[in-house]
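Work through the exercises below with the structure in view. Try each task before reading its solution.

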Amino acid sequence: MLIAVYCMPIWSITLTAPQYPDGLGMFISVNNIAGRDQHDLQNINILNHYVGMRPIVPDEIPELDLMPWLFAGLIVTGLAVAAMGKPSFIIAWLILFSLCGTAGFVDFYMWGYDYGHNLDPKAAIKIPGESYQPPLLGTQQMLNIRAASYPYWGSLFIGISFFMGGIATWLEYKPNKKG
């Protein structure tokens with residue numbers, strides 16, 4: 001199931017505002033950040049520029065080089081654990097999976113914090129005390145822009161993979177009802 005993360009985005013961020021009623025969107029994949037539509041990422045970077053945020057340049061984000069390898073590691077270890085069939089190894093894999101997921105969310109939060117708080121002091125729009133950190137999950141109003149950040153289809157396959165590991169563990173450990 002985890003192989004699907006290489007084929008579809010895992011996260012989506014959408015910005016809506018009066019000047020963008022249809023919204024601007026970007027998809028975050030294991031190895032790329034792309035606009036929902038052809039010029040969305042470029043337009044998001046233009047908006048970010050006005051408030052002093054750095055441009056989002058996928059080639060400059062090291063996590064996008066690392067994540068494909070992390071998922072490959074989870075896939076290979078998951079297959080090895082499944083082949084061994086030992087519940088203790090499945091639990092170890094689930095713990096590893098959980099740690100990777102937690103580290104990913106912490107890194108995503110810190111990335112958003114850095115982008116939204118470390119602003120260029122020469123920005124065209126400066127509001128004292130205002131930051132522009134997108135929400136980790138959910139929606140948030142920032143000036144006249146509403147930002148929404150939610151899992152996308154790839155996250156569904158991540159969740160299903162984790163859930164299947166949990167089911168496999170439960171099936172191995174569930175009490176024997178015979179007897």
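**Exercise 1. Trace the fold.** In what pattern do helices and strands follow each other along the sequence?

Solution. This is a predicted model. Start at the N terminus and read on: the pattern is β-β-β-α-α-α-β-β-α. Now count the elements. The chain has 4 helices and 5 strands.

**Exercise 2. Judge the overall shape.** Is the chain compact or spread out, going by its radius of gyration?

Solution. Take the radius of gyration: 20 Å. Next, take the value the globule rule gives for 179 residues: 16 Å. The chain's value is well over that, so the chain is more spread out than a compact globule. Then look at the C-alpha trace. Along its principal axes it spans about 75 × 30 × 30 Å.

**Exercise 3. Look at surface and contacts.** What percentage of the 179 residues counts as buried?

Solution. Buried means under 20% relative accessible area. By that cut-off, 36% of the residues are buried. Turn to the accessible surface: it comes to about 10900 Å², and carbon and sulfur atoms hold 66% of it. Finally, take contacts between residues at least 6 apart in sequence. Of these, 58% join residues at least 24 apart.

**Exercise 4. Find a nonpolar patch.** Which residues make the nonpolar surface patch of about 410 Å²?

Solution. Locate Ile 46 and Tyr 50, then Ile 125, Ile 127 and Leu 143; together they make the patch. Pick out Ile 127. This residue sits in the loop between α3 (87-117) and β4 (138-142). Ile 127 counts as partly exposed because its relative accessibility is 36%.

Key. Residues are numbered from 1 along each chain as its sequence is written. This is a predicted model: local features need pLDDT of at least 70, side-chain atom pairs count only at pLDDT 80 or more; totals for chains, interfaces and linings use all residues. Side-chain values use heavy atoms; hydrogens and water are left out. Patches are made of residues with over 30% relative accessible area and no salt bridge: like charges are joined within 9 Å, nonpolar side chains (Val, Leu, Ile, Met, Phe, Trp, Tyr) within 5 Å. Accessible areas come from the Shrake-Rupley method with a 1.4 Å probe; for residues, only the protein chains shown count as cover. A salt bridge is a side-chain nitrogen of Lys or Arg within 4 Å of a carboxyl oxygen of Asp or Glu. Helices (H or I, at least four residues) and strands (E, at least two) are DSSP runs, numbered from the N terminus. Buried means under 20% relative accessible area, exposed over 50%, partly exposed in between (1.4 Å probe, protein chains only). The radius of gyration is taken over C-alpha atoms; the globule rule is 2.2 Å times the number of residues to the power 0.38. Contact means heavy atoms within 4.5 Å.
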